[in-house]
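Please look through the structure shown here with the explanation that follows at hand. The paragraphs take one part at a time and come back to the question of confidence at the end.

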Amino acid sequence: MSRPMRRVVLVDDHDLFRAGVRAGLGATVEVVGEAGSVLEAVPLIKELDPDVVLLDVHLPDGGGQAVIMQVAPERPGVKFLALSVSDAAEDVIGVIRAGARGYVTKAISGDELTEAVHRTADGDAVFSPRLAGFVLDAFRSGDPVADPELDQLTAREREVLQLIARGYRYKEIAARLHLSARTVESHVSAVLRKLQLSSRHELTRWAAERRLI
Amino acid sequence: MSVRSLRLPVALPHVERVERDRVVAGVAAGIAESLAVDATLVRLTFAFLAFASGAGIVAYLGAWALLPAPGCPTPRRGRRISGTVLLVWAAILTLRGVGLSDSVVWPLALVAAGFVIGSGAATFGLGVRRARVAATVLLVAGVALFVGGNVSGGSSTLLAPGAVAIALLLVVLPWAWRLARERDEERAARVREQERAELAARVHDSVLQTLTLIQKEPGDARKLARRQERELRAWLYPDREPTAGGTLAGAVEAAAAEIEELHSVRVDVVRTGDAPLDERLQTLVLAAREAMANAARHAGVDEVSVFLDADGDGVSLYVRDRGVGFDPDAVAADRRGVAESIRGRMERVGGTAKIVSAPGEGTDVELELS
């Protein structure tokens with residue numbers, strides 16, 4: 001499949017890791033800029049206006065969240081994909097709630113990361129199995145909810161998330177549930193929206209209480 | 001009086017008005033937020049003070065003028081001064097409302113003004129030197145007025161001990177407060193030092209050792225690195241570590257770690273929910289371990305995905321690989337045996353095992369226990 005070239009800015013404080021990502025990304029992704037801190041990243045992203053920013057959750061002078069909050073209002077077109085080794089759920093949920101379109105672990109292969117960059121650039125949500133596990137935990141059934149629209153997952157969304165958590169890719173999920181890939185995508189985007197907008201107290205309490213993967 | 005003694009002994013909390021939760025100007029909500037109390041409490045205090053000749057209202061206006069609007073640094077100098085004047089006025093009204101006579105209130109006001117000017121030189125834009133002079137003058141004037149008023153009035157020998165007590169409090173309280181703060185800081189520093197030492201020990205014992213091993217045996221780098229990663233994660237996020245009492249999630253993690261060690265593959269465990277480990281669940285973990293070992297041995301992949309779902313009524317455990325797969329209807333005898341050891345185990349404890357696979361499609365093992 002021929003895909004458009006995507007311009008990417010890489011934000012991570014480890015040079016070695018940035019070099020690894022650059023080498024692993026496919027030919028359809030061009031790394032146009034790199035930054036190692038919030039201070040460097042914000043003006044750089046504003047200047048380059050890339051399609052996607054690959055963003056480390058942890059940065060020495062703040063974090064991925066700080067970058068998103070300073071860039072997003074001025075550059076609404078830039079999409080963020082969080083990349084982390086963090087095992088702390090509150091970090092991951094925090095960066096998603098700040099506006100990242102997804103979260104992948106740093107153990108991801110180069111091909112998968114390339115795919116994730118394209119999906120992010122297309123405006124889709126990118127859920128790693130781990131993030132799906134977090135979300136299922138956060139939206140645990142049976143808890144009281146304030147706003148059923150935002151605070152609960154539908155049965156279908158839950159099903160999709162469970163398959164992601166099991167290691168299925170979107171296409172495989174679509175085949176298994178007899179849906180189109182587009183429909184699977186829209187379910188995942190809906191979950192992302194709920195994750196960002198839900199005021200479910202559970203979400204914050206849960207994240208503070210449980211620092212698990 | 002030295003410059004230092006003119007400073008407040010502690011940093012005042014940063015208060016600003018807030019947009020959110022505001023009823024009038026966000027003053028009460030702002031104060032409540034920085035003091036970490038309920039806004040209603042602050043509003044009630046203002047309302048209650050309003051009965052003391054309207055002191056609450058004056059105090060509110062003063063705070064409004066003095067507190068910066070959300071996001072703005074500080075209000076202009078004129079606003080700051082008028083805010084302070086209003087607050088002092090409110091304090092005087094309150095003290096009179098409580099029943100103190102003018103002969104006490106006015107000297108007190110002068111002394112208080114002396115303290116405020118002395119400690120807040122920057123706020124008023126006065127030089128340190130001028131602030132110091134003004135403060136001293138006000139303090140002396142306040143004490144003189146008080147002594148003069150009460151001696152010439154000759155009425156209240158009763159008030160003198162009270163005034164001494166208040167003066168003592170004014171001196172001792174900030175000092176005691178500072179002492180307590182210093183002790184807390186010392187303790188915090190000690191804790192930090194301990195943490196640093198523990199971290200150094202951990203890094204030395206494990207990380208450095210592993211790096212040395214990798215340099216000696218580059219062939220094992222992957223395995224060693226993964227083992228080290230697991231150890232560090234368990235240490236950083238202790239609630240993920242398998243507990244002695246034993247939970248289902250802990251047992252699954254432990255099984256995954258074992259398979260990683262044995263077969264040099266990566267087993268990624270994702271989980272939602274947990275349950276205390278009983279005999280049936282132990283069997284489930286054994287079956288899952290078998291499935292992981294299968295994937296590691298036969299699938300020809302370097303990554304296996306495990307998902308534990310203990311969220312609902314039952315427990316589901318999924319083991320998935322993207323490897324070569326096989327035709328479940330036409331498997332070699334030894335593979336069938338392995339499949340049976342998964343299925344048989346599950347059936348003995350009243351669960352189910354479903355194995356979905358096709359050549360080239362990877363393998364999917366679903367274990368369920370209700």
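In this predicted model, B:Tyr318 of strand 3 of chain B has B:Glu366, in strand 5 of chain B, as its bridge partner. That bridge belongs to an antiparallel pairing in which strand 3 and strand 5 of chain B are joined over 7 bridges. Strand 2 of chain B also runs antiparallel to strand 3 of chain B, with 5 bridges between them, and here B:Asp309 finds its bridge partner in B:Ser316 of strand 3.

How many of the residues of strand 3 of chain B are buried? The strand is mostly covered, with 7 of its 7 residues buried. In a regular strand the side chains alternate between the two faces of the sheet. In strand 3 of chain B both faces are covered, since B:Val315, B:Leu317, B:Val319 and B:Asp321 are buried on one side, while B:Ser316, B:Tyr318 and B:Arg320 are buried on the other.

These pairings are part of an open sheet in chain B, whose 5 strands follow the order 1-2-3-5-4 with mixed pairing. Strand 1 (266–272) and strand 4 (352–357) of chain B stand at the edges and have a single partner strand each, so one side of each is left without a neighbour in the sheet. From one strand to the next, the twist averages 10°. The partner of strand 4 of chain B is strand 5 (residues 363–369), with which strand 4 pairs in the antiparallel sense over 6 bridges; within this pairing, B:Val356 has B:Asp364 of strand 5 as its bridge partner. Across the sheet lies helix 12 (residues 279–298) of chain B, which extends over strand 1, strand 2 (303–309), strand 3 (315–321), strand 4 and strand 5, and runs at about 10° to strand 3 of chain B.

Chain A, to which we now turn, has 11 helices and 6 strands. Of its 213 residues, 46% count as buried, and among the contacts in chain A between residues at least 6 apart in sequence, 67% join residues at least 24 apart.

In chain A, 6 strands form an open sheet in the order 2-1-3-4-5-6, and the pairing is parallel. Which strands of chain A stand at the edges? They are strand 2 (29–35) and strand 6 (126–127) of chain A, each with a single partner strand, so one side of each is left without a neighbour in the sheet. Elsewhere in the sheet, strand 4 (residues 79–84) and strand 5 (residues 102–105) of chain A pair in the parallel sense over 3 bridges, and the bridge partner of A:Ala82 in strand 5 of chain A is A:Tyr103. Helix 2 of chain A packs on this sheet, where the helix touches strand 1 (6–11), strand 2 and strand 3 of chain A, and its direction makes about 140° with that of strand 2 of chain A.

Helix 2 (residues 38–48) of chain A also meets helix 3 (residues 64–71) of chain A, and the axes of the two come within 10 Å and cross at roughly 35°. The crossing of helix 2 and helix 3 of chain A is right-handed. From helix 2 of chain A, A:Val38, A:Ala41, A:Val42, A:Ile45 and A:Lys46 meet A:Ala66, A:Val67, A:Gln70 and A:Val71 of helix 3 of chain A, a contact whose residues divide into 7 nonpolar, 1 polar and 1 charged.

Two loop residues of chain A deserve a look at their backbone. Most residues other than glycine have a negative phi. A:Asp49, in the loop between helix 2 and strand 3 (52–56) of chain A, has a positive phi near 50° although it is not a glycine, and A:Asp49 is partly exposed, with 14 other C-beta atoms within 10 Å. A:His178, in the loop between helix 9 (170–177) and helix 10 (181–197) of chain A, likewise is not a glycine and has a positive phi of about 55°; with 7 other C-beta atoms within 10 Å, A:His178 is exposed.

It remains to consider confidence. The predictor gives the complex an ipTM of 0.80 and a pTM of 0.60. Chain B averages a pLDDT of 77, and 79% of its residues score at least 70. Within chain B, confidence is highest in strand 3, at a mean of 92, and lowest in helix 1 (residues 3–6), at a mean of 41. Over residues 1–10 of chain B the pLDDT is below 50, and beyond near neighbours in sequence this stretch has 16 contacts in the model. Where pLDDT is low, the predicted coordinates should not be read in detail.

Definitions and conventions: Residues are numbered from 1 along each chain as its sequence is written. Chains are lettered from A and ligands numbered from 1 in the order in which they are written. This is a predicted model: local features need pLDDT of at least 70, side-chain atom pairs count only at pLDDT 80 or more; totals for chains, interfaces and linings use all residues. Two strands pair if DSSP finds at least two bridges between them. Helices (H or I, at least four residues) and strands (E, at least two) are DSSP runs, numbered from the N terminus. Axes are lines fitted to C-alpha atoms, for helices over the stretch in contact, and angles run from 0 to 180 degrees between N-to-C directions. Two residues are in contact if their C-beta atoms, placed from the backbone, lie within 7 Å. pLDDT is the predictor's confidence in each residue, from 0 to 100. A residue is buried if 20 or more other C-beta atoms lie within 10 Å of its own, exposed if 12 or fewer, and partly exposed in between; C-beta atoms are placed from the backbone. A crossing is left-handed if the near helix is turned anticlockwise from the far one by less than a right angle, and right-handed if clockwise. Ala, Val, Leu, Ile, Met, Phe, Trp, Tyr, Cys and Pro count as nonpolar, Asp, Glu, Lys and Arg as charged, and the others, Gly among them, as polar.
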